[in-house]
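Okay, thanks for coming, everyone. I'll put the structure up and then talk through one helix pair and the overall fold.

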Amino acid sequence: MSRNDQVWIKRNYENCSGCRRCEIACALYHEGKIWPEASRIRVFMLVPGVEIPHLCFQCDDYPCVEACPTEALSVNSQTRAVNVDASKCTACGLCIKACPGNVPHLHPEGNYIVICDLCDGKPKCVKACQEGRWNTLMPVPREKEVSYKTLAKTPKELTHEVAKQILGEETAKEVID
């Protein structure tokens, strides 16, 4: 896989139906069973009708990796996704604090962090979304000119932005504030 083959997952939040097939596909791939709580992608619905699929934004400088005191996190040289070595992770939470999108989360049973690893370059969440024809998640080539870190936002911040687009600014303000 060359840099030209590296993908980034583009998100069209307005298209998300909240079906959660992405969470199921991720959990099946990583955990071998339907277990959305262990999924590396999570769908948040902080406002009814506004679904936010949330996963790693793959920041260019990887603050989560830099914050890890045990070197449990590393960047996959082929995919540019963050890999987690569960045997080294102490679940200290420093990666969560360092992430501008608040993306990493604790595995529901293990004492380690889970982060999207792009399924070795073929993200199962994207495939499930494409099969459902929602086109919320789309693989796009990773571009040098794009600062992916600037796209990183928390579920609450993304909900505010999408709610304004879907509901209009006044209604969004009423339901959010």
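**Helix pair, then the whole chain**

So, let's start at helix α5, residues 155-167, and helix α6, residues 169-176: their axes come within 7 Å of each other and cross at roughly 135°. That angle makes α5 oblique to α6. Bear in mind that this is a predicted model. As for handedness, α5 passes α6 in a right-handed crossing.

Who's actually touching whom? On the α5 side the contact is made by T159, H160, A163, K164 and L167, and on the α6 side by E169, T171, A172, V175 and I176. If you sort the residues of that contact by character, you get five nonpolar, three polar and two charged. And if you're wondering about the choice of numbers, two packed helices are described by the angle between their axes and the distance between the axes.

Okay, zooming out. How many helices and strands does the protein have? Six helices and eight strands. Reading from the N terminus, the order goes β-α-β-β-α-β-β-α-β-β-α-β-α-α.

Now the overall dimensions. The C-alpha trace spans about 45 × 35 × 30 Å along its principal axes. The radius of gyration is 16 Å, which agrees with the value near 16 Å that a compact globule of 177 residues would have. Of those 177 residues, 44% count as buried.

Last bit, for the contact-map people. Take the contacts between residues at least 6 apart in sequence: 64% of them join residues at least 24 apart.

Right, that's me done.

Key. Residues numbered from 1 in each chain as written. Predicted model: local features only at pLDDT ≥ 70, side-chain atom pairs only at ≥ 80, totals over all residues. Heavy atoms only, no water. Axes fitted to C-alpha atoms, helices over the stretch in contact; angles between N-to-C directions. Helix = DSSP H or I, 4+ residues; strand = E, 2+ residues; numbered from the N terminus. Parallel < 35°, antiparallel > 145°, perpendicular 65-115°, else oblique. Left-handed = near helix turned anticlockwise from the far one by under 90°. Contact = heavy atoms within 4.5 Å. Nonpolar A, V, L, I, M, F, W, Y, C, P; charged D, E, K, R; others polar. Rg over C-alpha atoms; globule rule 2.2 N^0.38 Å. Buried < 20%, exposed > 50% of the residue type's maximum accessible area, 1.4 Å probe, protein only.
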